[in-house]
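Student: I should like to look closely at a single part of this fold and then see how it sits in the wider chain. Which local details deserve attention, and how do they join into one picture?

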Amino acid sequence: MNYLSVENISKSFGERTLFENISFGINKDQKIAFVAKNGTGKTSILKIITGEDTPDNGQVVMRKDIKMAFLSQEPKLQSELTIEESIFASDNDSLKVIEQYEKALENPEDEEAYQKAFDNMDRHNAWDFETQYKQILFRLKLEDLKLKVKNLSGGQKKRLALAIILINKPDLLILDEPTNHLDLEMIEWLESYFAKENITLFMVTHDRFFLERVCNEILELDNGKIYQYKGNYSYFLQKKDERITSEIASVEKAKNLFTKELDWMRRQPKARTTKSKSRQDDFYIIKEKAFSRRKEHVIELEINMERMGSKVIELHKVSKKFQDKVILDSFDYTFNRNERVGIIGKNGTGKSTFLNILTQTIKPDLGKVVVGDTIKIGYYTQSGINPKPQQKVIDVIKEFGEFIPLTKGRTISAGGLLERFLFDRKKQHDFVEKLSGGELKRLYLCTVLIQNPNFLILDEPTNDLDIVTLNVLESFLLDYPGCLLVVSHDRYFMDKIVDHLFVFKGNGEIEDFPGNYSDWRIYEDSNEPVGSNATENKEKNNWKEKQVKDGLTFAEQKEFQKIEREIKDLEYQKKQIENLFASTELSHEEIEKKSTELQKIIQSLEEKEERWFELSSKME
């Protein structure tokens with residue numbers, strides 16, 4: 001059954017065309033993810049579908065009596081209402097019955113009103129509905145129903161809007177980045193909820209785990225064309241790769257044909273027959289295809305980062321609390337060179353506070369943070385940038401740096417960095433106010449990277465970034481030679497770039513887990529307590545002190561992780577010296593000095609690798 005059809009819609013802003021003649025349909029029980037680069041019109045298409053905007057051409061046709069709901073990135077709620085009043089304000093018969101019952105409970109002396117409300121709950125089968133909606137509120141951490149909307153944070157407002165939509169169970173649900181402002185526990189619950197519910201979804205999301213587990217179809221807008229893939233995210237990646245390979249082959253074939261036809265066009269007689277005119281028309285079609293270009297960018301940077309000394313960042317007995325809420329409790333940690341740490345935990349457990357203490361933006365109550373003399377921190381926060389009015393994209397980044405030094409004496413300019421992060425030369429001279437939310441985040445990221453930090457801190461870098469940009473960012477970070485510390489709810493992103501995790505559990509408890517997010521998830525699932533037995537919980541909490549399944553003690557696991565990082569560091573040093581020998585004219589004394597240094601690195605590398613193999617054998 002078709003719920004909605006989008007028929008040949010187009011949209012432009014001034015001279016800029018977002019899309020032309022786009023058509024697709026949404027059918028009952030489909031769970032569709034809409035994928036496209038930032039700035040290509042995803043949000044505009046969502047607004048056109050939901051009636052918040054109109055297309056320049058074409059139309060959207062919706063089946064009669066279909067109930068549709070839209071979760072936007074900035075939901076519209078009445079500021080003077082409480083959470084409870086906002087929920088009951090929706091047009092839902094069961095909610096009105098529950099509202100009457102809740103009011104009757106507040107006035108138990110009016111027995112007649114209470115009995116009437118109780119009977120109405122029975123008549124409308126509202127008891128189960130009440131249980132379901134309270135469970136949704138509990139899962140989304142909206143338990144204080146008397147809080148007014150105007151006093152809620154942006155994240156709480158987004159969760160309230162989501163709760164209202166889920167409670168009302170529309171036939172068709174349109175979602176714009178539903179996982180933003182949700183912690184991992186909420187995201188996994190929402191994933192499970194959508195996977196099992198018979199609900200029709202059409203959503204924009206950058207969360208690739210979410211795409212993989214929820215969606216059964218991917219709709220891609222690429223270079224102004226719509227492509228449909230009947231499958232989840234893995235299927236989409238496979239089929240898109242096949243499509244691009246086929247397109248490249250087709251373009252190459254067209255180029256060869258174009259060369260032949262060009263020769264014919266140059267040799268043809270002036271008198272034109274009907275047959276030659278037809279062949280000329282075909283020639284121009286072939287020419288257009290032969291010279292088509294895909295606007296794809298791949299990051300391949302060998303950054304010549306400032307050399308780190310032996311001291312990176314050390315935290316000694318650091319404590320921090322806000323009133324009775326403990327964030328850190330005598331926390332000790334020494335960062336090593338080239339560490340890649342992910343931070344996870346529920347909202348409100350102190351992740352951002354920890355980053356602010358680390359960067360010395362706020363001071364700890366007790367203890368100290370010692371930053372090495374050679375450390376240059378780059379800090380990407382959730383607050384973003386505040387560009388000046390009428391400022392161009394290229395001018396924003398040049399305020400922070402003109403270039404990044406690369407190996408072998410090369411550099412990448414500010415414009416070159418922007419281009420690698422999908423800002424073409426024309427876009428670089430646009431005014432910043434014309435950028436979409438995702439493009440602003442991308443520009444902010446470039447302003448942090450252009451400063452060439454050797455200790456990079458990223459607080460929710462994936463919010464509002466499209467999947468194409470996420471792949472670019474991941475490629476950059478995989479080649480990044482410095483220390484990396486990331487807070488993110490994007491599980492796919494974390495799995496790809498971090499080596500171990502700080503798990504913030506609340507009340508000042510931080511667990512250092514030797515693995516990525518999926519490793520931690522598997523561990524947590526395998527250690528779920530059967531009941532509320534205190535002994536079982538104690539065993540779970542003290543897992544570090546025991547032999548783990550793979551044969552390594554916790555201390556050996558930590559050593560294994562450390563050795564892997566040290567081997568990577570030594571290989572990097574070895575490569576730097578070898579590059580120096582290959583690209584620079586060194587004096588005899590310098591050659592001897594560097595040769596001795598290289599020999600020590602090679603010897604150390606062999607020792608580390610030998611110990612690595614020794615520990616690896618225990619894991620088999």
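**A helix, a sheet and their surroundings**

Tutor: Helix 11 is followed by Q360, whose phi is positive, near 65°; helices here are DSSP runs of H or I with at least four residues, strands are E runs of at least two, and both are numbered from the N terminus. The model is a predicted one, in which local features need pLDDT of at least 70 and side-chain atom pairs pLDDT 80 or more, while totals for chains, interfaces and linings use all residues. Residues are numbered from 1 along each chain as its sequence is written, and side-chain values use heavy atoms, with hydrogens and water left out.

Helix 11 itself spans residues 351–358, and six of its eight residues are buried, that is, under 20% relative accessible area, with exposed meaning over 50% and partly exposed in between, for a 1.4 Å probe and protein chains only. The buried set consists of K351, T353, F354, L355, I357 and L358. The helix is therefore mostly covered in a sense that can be read residue by residue.

Next comes the sheet. Six strands form an open sheet with mixed pairing, in the order 14-17-18-12-19-20, where two strands pair if DSSP finds at least two bridges between them. The edges are held by strand 14 (377–380) and strand 20, each of which has a single partner strand, so one side of each is left without a neighbour in the sheet. From one strand to the next, the twist averages 15°; axes are lines fitted to C-alpha atoms, for helices over the stretch in contact, and angles run from 0 to 180 degrees between N-to-C directions.

Within this sheet, strand 19 (residues 500–506) is largely enclosed by the rest of the structure, because six of its seven residues are buried. Strand 12 (residues 340–345) runs parallel to strand 19, and five bridges join the two. Two of the pairings can be named: G342 has L501 as its bridge partner in strand 19, and I344 stands opposite V503 in strand 19. With strand 20 (residues 509–513), strand 19 pairs in the antiparallel sense, again over five bridges. L501 finds its bridge partner in strand 20 at F513, so L501 takes part in pairings with G342 and with F513. Strand 19 and strand 20 form a hairpin with two residues between them, and N507 in the turn has a positive phi of about 55°.

A helix also lies over this sheet. Helix 14 (residues 437–449) lies across strand 14 and strand 17 (455–459), in contact defined by heavy atoms within 4.5 Å, and runs at about 170° to strand 14.

A second sheet may be set beside the first. Three strands form an open sheet in the order 2-1-4, with antiparallel pairing. Strand 2 (16–27) and strand 4 (57–62) are its edge strands, each pairing on one side only. Neighbouring strands of this sheet are turned by 10° against each other on average, direction ignored. Helix 1 packs on the sheet and touches strand 1, strand 2 and strand 4, its direction making about 55° with that of strand 2. Strand 1 (residues 2–13) is joined to strand 2 by eight bridges, and the two run antiparallel; S5 stands opposite G25 in strand 2.

Helix 1 (residues 42–49) has six buried residues out of eight, namely K42, S44, I45, L46, I48 and I49. G51 follows helix 1 and has a positive phi, near 85°.

A helix pair adds to the picture. The axes of helix 3 (residues 93–106) and helix 5 (residues 126–139) come within 10 Å and cross at roughly 90°. S94, L95, V97, I98, Y101 and E102 of helix 3 meet A126, W127, F129, E130, Y133 and K134 of helix 5 in this contact.

As for cysteines, C446 counts as buried at 0% relative accessibility, and C483 is buried with a relative accessible area of 1%. A disulfide is taken as a pair of cysteine sulfur atoms within 2.5 Å, and by this rule the count comes to zero.

Over the whole chain there are 20 helices and 20 strands. Of its 620 residues, 48% count as buried. Among contacts in the chain with a separation of 6 or more, 68% are between residues 24 or more positions apart.
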